[in-house]
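Okay, everyone, thanks for coming. I'd like to spend a few minutes on the backbone today, so let me put the sequence and the structure up.

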Amino acid sequence: MDRNEQQPIEQVLNAPTSRRSFLRWTGMAAAAGTMVACGRESALTIEPATVPPATATTAAAGTDHGNGGHGTGNAGTPTTDSGAKAWEEMDKMHEAGIKLFPAKTEGLSMQPLEYRMEGDVKVFELTCQKTMWEVEPGRKLEAWTYNGQLPGPEIRVTEGDKVRILVTNQLDESTAVHWHGLFVPNNQDGVPFITQPPITPGSTYTYEFTVRNSGSHMYHSHHNSTKQVSMGLLGPFIVEPKDKSKDPAYDKEFTLVLNDTAQGFTINGKGFPATVPLTAKLGQKIRIRYMNEGLMIHPMHLHGMPQLVFAKDGWNLPQPFMCDTLNVAPGERWDVIVDCTDPGVWAFHCHILSHAESEHGMFGMVTALIVE
Ligand SMILES: [Cu+2]
């Protein structure tokens, strides 16, 4: 990445972020306008009438303070260049973003990685390659991916499995893969010049080990990693325990990979409204595997129902605990169970608010849990 490309990333990461400045940074302000204009019908319809009047009054009172106004168009209400009331413009932008959710984009991430058996060894193949990745509708960026996916394909095995992973490097610089959280022999740890030579452009390197510990883990580049992981060389590595009674019971599961680098604020490689909602039936228990592959902490806040935190970095906790906001730091994995006891569309987002919402609406690390 040259300086010209790096500069805006720093702006986004360091400056107070608004949706518009974020889009301007990516040169996508015009596309965002199109996005709103084309107004794709969403599965989620939030009618203005569902906004409690008290909330609307409070919001209006904020701008009309000292006027005694209630947002009904009194002379003191700020207007925009076009003469529209500023608060109406803002509400429209918020509504438009919500109506797009979940917006379709190209590129599926974290698809289960197929393997072939060679004797008793599961053989996987990863290719590091350049991919145009659509983060939000119309916003496509060059990413460096494993097998064209960001995050990379999901490797899922069982404790005790023997694996061989062939990594082919199609990038213009060397790389290496570190198996983050897995106990591997030292020479399989994936750190160039400490445990192996770098995987040079055009070459293939073979990792081989027996998977000794279960849990939610990751794989990512460990070479020029600030850039390579930021550009997308990361993925989930999930190890089922041999004895499943170790874990609490659940009906379905989701992996949420949090990131905050070259693609902006993302969950599973997509920014709101292109994030994928979690869905469950009333009464189901879901497992969420959080993984942070970014450079910042992300306190993940689920509305409506508590999270039962039962594992950290693949280790089941001696004392699981309940919370509504779970901080996930870079490199960490946390596993939680949510008992879906209340129907509805529940907002689910990072609670560093500048990663999630601005006056232009929601963006970045926002999704929803839909309980039907
Ligand atoms: Cu965050």
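So, look at the loop that runs between strand 8 (215-221) and helix 6 (225-231): that's where Asn224 sits. This is a predicted model, by the way, so keep that in mind as we go. Asn224 isn't a glycine, and yet its phi is positive, about 45°. Just as background, most residues other than glycine have a negative phi.

Is Asn224 buried or exposed? Well, its relative accessibility is 40%, so we call Asn224 partly exposed.

Now there's another asparagine to look at. Asn268 also has a positive phi, about 55°, again without being a glycine. You'll find Asn268 in the loop between strand 11 and strand 12. And the surroundings? Asn268 has a relative accessible area of 15%, and the cut-off for buried is under 20%, so Asn268 counts as buried.

Stay in that loop for a second, please. Pro273 is there as well, between strand 11 (266-267) and strand 12 (278-280). What kind of peptide bond joins Phe272 and Pro273? A cis one, with omega at about 10°. For context, most peptide bonds are trans.

Then let's go back towards the start of the chain. Phe101 to Pro102 is a cis peptide bond too, and omega there is near -5°. Where is Pro102? In the loop that connects helix 5 (86-100) with strand 1 (116-118).

So, to recap the spots to click on: Asn224 and its positive phi, Asn268 and its positive phi, and the cis bonds at Phe272 to Pro273 and Phe101 to Pro102. That's it from me!

Conventions
Residues are numbered from 1 along each chain as its sequence is written. This is a predicted model: local features need pLDDT of at least 70, side-chain atom pairs count only at pLDDT 80 or more; totals for chains, interfaces and linings use all residues. Side-chain values use heavy atoms; hydrogens and water are left out. Helices (H or I, at least four residues) and strands (E, at least two) are DSSP runs, numbered from the N terminus. Buried means under 20% relative accessible area, exposed over 50%, partly exposed in between (1.4 Å probe, protein chains only).
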